Amino acid sequence: MAPEDIILTPVLTEKGYDGIAEKKYTFFVAKSANKTQIKIAAEQMFGVQVKSVNTVTQRGKLKRMGRNEGYTPTRKKAIIQLKESSKPIEAFNSLS
């Protein structure tokens, strides 16, 4: 898989912004990707050194519209912790 197929989008929430100061970045990733693949993809895409990767799978929520109901898609998030000696990810510089 290409790195662009593994790391999909950044998660831009208040909790995600708080981690930027500690060099922790949150991304939505492919559901089939494991931690090793996520680490390699982040190092290739952003040119950084990854210390650790934590993942969490968010189950879809039940949503209703009238009498119809369904689930939102299940997504996988990865929290990427960079090494102290690593440079920060440039796309997040203006957000911290």
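## Exercises on a predicted model

In this predicted model, Leu62 has Tyr71 in β5 as its bridge partner.

**Exercise 1.** Describe the strand pairing to which the bridge between Leu62 and Tyr71 belongs.

Solution.
- Step 1. Find the strands: β4 covers residues 62–65 and β5 covers residues 68–71.
- Step 2. Give the direction and the number of bridges: β4 and β5 run antiparallel and are joined by four bridges.
- Step 3. Look at the turn. Two residues lie between the strands of this hairpin, and Gly66 there has a positive phi near 70°.

**Exercise 2.** Find a residue that has a positive phi although it is not a glycine, and describe its setting.

Solution.
- Step 1. Recall the usual case: for most residues other than glycine, phi is negative.
- Step 2. Lys23 departs from this sign, with a positive phi of about 60°.
- Step 3. Place the residue: Lys23 sits in the loop between α2 (14–20) and β2.
- Step 4. Decide on burial. The relative accessible area of Lys23 is 17%, and the cut-off for buried is under 20%. Lys23 is therefore classed as buried.

**Exercise 3.** Search the whole structure for aromatic pairs and classify what is found.

Solution.
- Step 1. The search returns one pair.
- Step 2. Its members are Phe27 and Phe46, with 5.6 Å from centre to centre and 20° between the planes.
- Step 3. Planes under 30 degrees apart count as stacked, and the pair of Phe27 and Phe46 is stacked.
- Step 4. Locate the two rings. Phe27 belongs to strand β2 (residues 24–29) and Phe46 to helix α3 (residues 35–46); they are 19 residues apart, and the pair links distant parts of the chain.
- Step 5. Check the burial of Phe27: its relative accessibility is 3%, so Phe27 counts as buried.

**Exercise 4.** Summarise the protein chain as a whole, from its helices and strands to its charges.

Solution.
- Step 1. Count the elements: the protein chain has three helices and six strands. Their order along the sequence is α-β-α-β-α-β-β-β-β.
- Step 2. Give the extent: the C-alpha trace spans about 55 × 30 × 20 Å along its principal axes.
- Step 3. Turn to burial and surface. Of the 96 residues, 32% are buried. The accessible surface is about 6700 Å², with 49% of it belonging to carbon and sulfur atoms.
- Step 4. Consider the contacts between residues at least 6 apart in sequence: 61% of them join residues at least 24 apart.
- Step 5. Finish with charge: there are 17 positive and 9 negative side chains, and the centres of the two sets are 9 Å apart.

Note on methods:
Residues are numbered from 1 along each chain as its sequence is written. This is a predicted model: local features need pLDDT of at least 70, side-chain atom pairs count only at pLDDT 80 or more; totals for chains, interfaces and linings use all residues. Side-chain values use heavy atoms; hydrogens and water are left out. Buried means under 20% relative accessible area, exposed over 50%, partly exposed in between (1.4 Å probe, protein chains only). Contact means heavy atoms within 4.5 Å. Accessible areas come from the Shrake-Rupley method with a 1.4 Å probe; for residues, only the protein chains shown count as cover. Lys and Arg count as positive and Asp and Glu as negative; His and the chain ends are not counted. The place of a charge is taken as NZ of Lys, CZ of Arg, CG of Asp or CD of Glu. Two strands pair if DSSP finds at least two bridges between them. Rings of Phe, Tyr and Trp (its six-membered ring) pair if their centres lie within 6.5 Å; planes under 30 degrees apart count as stacked, over 60 as edge-to-face and the rest as tilted.
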